[in-house]
Amino acid sequence: MGPSRLTILVQSSRLKGRLKGSRLEASRDWSASAPTREGALVKVWDLPLRLSHWAMACCVLIAWFTPNTYDALHRSAGYGVLALTLFRLVWGFVGTRYSRFQNPLRTFRVLPRYLWAIGRGRSRRYLGLNPAGRAMSITMLLLLAVSGISGWMQVTLRFFGVAWVQDTHTYTSYAVILLALVHVAGVVLMSIRQKENLVRAMVTGWKWTGGTRPGTPA
Amino acid sequence: MKALTSVLALLALSFTITNPARADGYKTCTKLEKASWKPASEAEAKAKAAGYEVRRSKIEGSCYEVYGVKDGKLFELFYSPEDLSLKHTIAK
């Protein structure tokens with residue numbers, strides 16, 4: 001028996017009262033009492049997802065440090081990004097439960113509430129991606145696609161030396177790095193707050209169910 | 001967890017530090033101050049005269065970088081704004 005059920009009830013009913021029963025993420029707070037090693041150890045991230053995630057991280061890192069100086073390497077990393085983005089888009093439809101996309105409209109609708117809840121230290125724990133994570137992954141994939149495609153266009157006969165293609169590639173690439181840093185910061189924050197090493201979970205795929213509600217959304 | 005945090009903080013720091021230093025392929029063509037540079041259009045004209053289809057030119061460091069196409073191949077030509085001599089060519 002982990003957190004006191006009473007505490008949670010009191011806490012959430014108090015919040016609900018204050019927020020007039022709105023469907024705020026904050027009203028479903030479980031994070032404050034999320035145990036580290038409780039519940040069952042379950043497989044959350046499947047192998048293709050984990051492999052593609054870390055391969056993508058490598059490709060983006062290589063691409064970030066190689067433009068102009070190591071052209072061939074930069075190009076290979078870019079093609080890697082394109083292939084992995086394509087794979088991820090497909091995997092979002094045919095992968096296992098926590099790899100699959102959810103309705104992005106819903107994600108971006110609940111995002112402000114969830115971010116607000118994070119700011120108040122009352123974000124609930126999700127077994128899969130939380131709303132911020134889902135918004136991050138979809139935005140990142142779109143940016144990676146635009147960055148990869150515009151980079152590839154730059155070395156085609158038709159689009160070589162075309163200013164808007166170069167600018168698009170530059171700005172989306174900067175945005176990717178910026179988002180990657182936000183992503184890493186978010187992972188660190190939630191790891192500390194939920195006392196769970198999320199980086200290790202993305203390596204092994206396993207997570208404890210403790211602190212998440214049964215039938216928790218992915 | 002502490003180790004993880006510090007590693008990530010270091011990573012973020014390295015990004016901010018290395019970013020301005022991200023070297024471009026070729027940047028130095030002249031020491032002449034910008035006010036006395038010849039116009040970029042002359043660099044473009046030189047590339048055209050050399051048989052390139054000029055797509056674009058821009059200033060890269062102290063060079064004029066001209067994007068040119070010749071025989072279906074892509075080139076970046078670096079001219080000195082001082083005397084319009086060709087300093088460097090990169091085949092893409």
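Helices and strands in this tour are DSSP runs, of at least four residues for a helix and at least two for a strand, numbered from the N terminus. The model is a predicted one.

**First stop: a loop of chain B**

Select B:Asp71, which sits in the loop joining strand S2 (63–70) to strand S3 (73–79) of chain B. Its phi is positive, at about 50°, although the residue is not a glycine. Is B:Asp71 buried or exposed? Only 12 or fewer other C-beta atoms within 10 Å are allowed for an exposed residue, and B:Asp71 has 7, so it is exposed.

**Second stop: the next loop**

Move along chain B to B:Leu84, in the loop between S3 and strand S4 (86–91). Here too a residue that is not a glycine has a positive phi, in this case about 60°. B:Leu84 has 18 C-beta neighbours inside 10 Å and therefore counts as partly exposed.

**Third stop: chain B as a whole**

Now display the whole of chain B, which contains two helices and four strands. Along the sequence their order is α-α-β-β-β-β. The chain has 92 residues, of which 17% count as buried. Among the contacts in chain B with a separation of 6 or more, 39% are accounted for by residues 24 or more positions apart.

**Fourth stop: helix H5 of chain A**

Turn to chain A and select residues 131–154, which form helix H5. H5(A) has 24 residues, and the distance from its first C-alpha to its last is 35 Å, close to the 34 Å expected at 1.5 Å a residue. Colour its buried residues next; among them are A:Pro131, A:Ala132, A:Arg134, A:Met136 and A:Met140. Further along the helix, the buried set also includes A:Leu143, A:Leu144, A:Ser147, A:Gly148, A:Ser150, A:Gly151 and A:Gln154. Which helices do the buried residues of H5(A) pack against? They pack against helix H3 (71–94), H4 and helix H6 (163–193) of chain A.

**Fifth stop: the crossing of H4 and H5**

Two packed helices are described by the angle between their axes and the distance between the axes. Add residues 104–119 of chain A, helix H4, to the selection: the axes of H4 and H5 come within 8 Å and cross at roughly 130°. The two helices are therefore oblique to each other, and their crossing is left-handed.

To see the contact itself, show A:Pro104, A:Thr107, A:Phe108, A:Val110, A:Leu111, A:Tyr114, A:Leu115 and A:Ile118 on the H4(A) side. On the H5(A) side, the residues they meet are A:Pro131, A:Ala132, A:Arg134, A:Ala135 and A:Ile138. By class, the residues of this contact are 11 nonpolar, one polar and one charged.

**Sixth stop: the loop before H4**

Select A:Asn103, in the loop between H3 and H4 of chain A. With 9 other C-beta atoms within 10 Å, A:Asn103 is exposed. Draw a C-alpha to C-alpha distance from A:Asn103 to A:Arg134: the two residues are 31 apart in sequence and 9.8 Å apart in space. A:Arg134 is one of the buried residues of H5(A).

**Last stop: helix H3**

Finish at A:Ala83, in helix H3 of chain A. A:Ala83 has 15 C-beta neighbours inside 10 Å and so counts as partly exposed. How far apart in space are A:Ala83 and A:Met56, C-alpha to C-alpha? The separation is 9.4 Å, while in sequence A:Ala83 and A:Met56 are 27 residues apart.

Terms used
Residues are numbered from 1 along each chain as its sequence is written. Chains are lettered from A and ligands numbered from 1 in the order in which they are written. This is a predicted model: local features need pLDDT of at least 70, side-chain atom pairs count only at pLDDT 80 or more; totals for chains, interfaces and linings use all residues. Axes are lines fitted to C-alpha atoms, for helices over the stretch in contact, and angles run from 0 to 180 degrees between N-to-C directions. Angles under 35 degrees count as roughly parallel, over 145 as roughly antiparallel, 65 to 115 as roughly perpendicular and the rest as oblique. A crossing is left-handed if the near helix is turned anticlockwise from the far one by less than a right angle, and right-handed if clockwise. Two residues are in contact if their C-beta atoms, placed from the backbone, lie within 7 Å. Ala, Val, Leu, Ile, Met, Phe, Trp, Tyr, Cys and Pro count as nonpolar, Asp, Glu, Lys and Arg as charged, and the others, Gly among them, as polar. A residue is buried if 20 or more other C-beta atoms lie within 10 Å of its own, exposed if 12 or fewer, and partly exposed in between; C-beta atoms are placed from the backbone. The expected span of a helix is 1.5 Å times one less than its number of residues.
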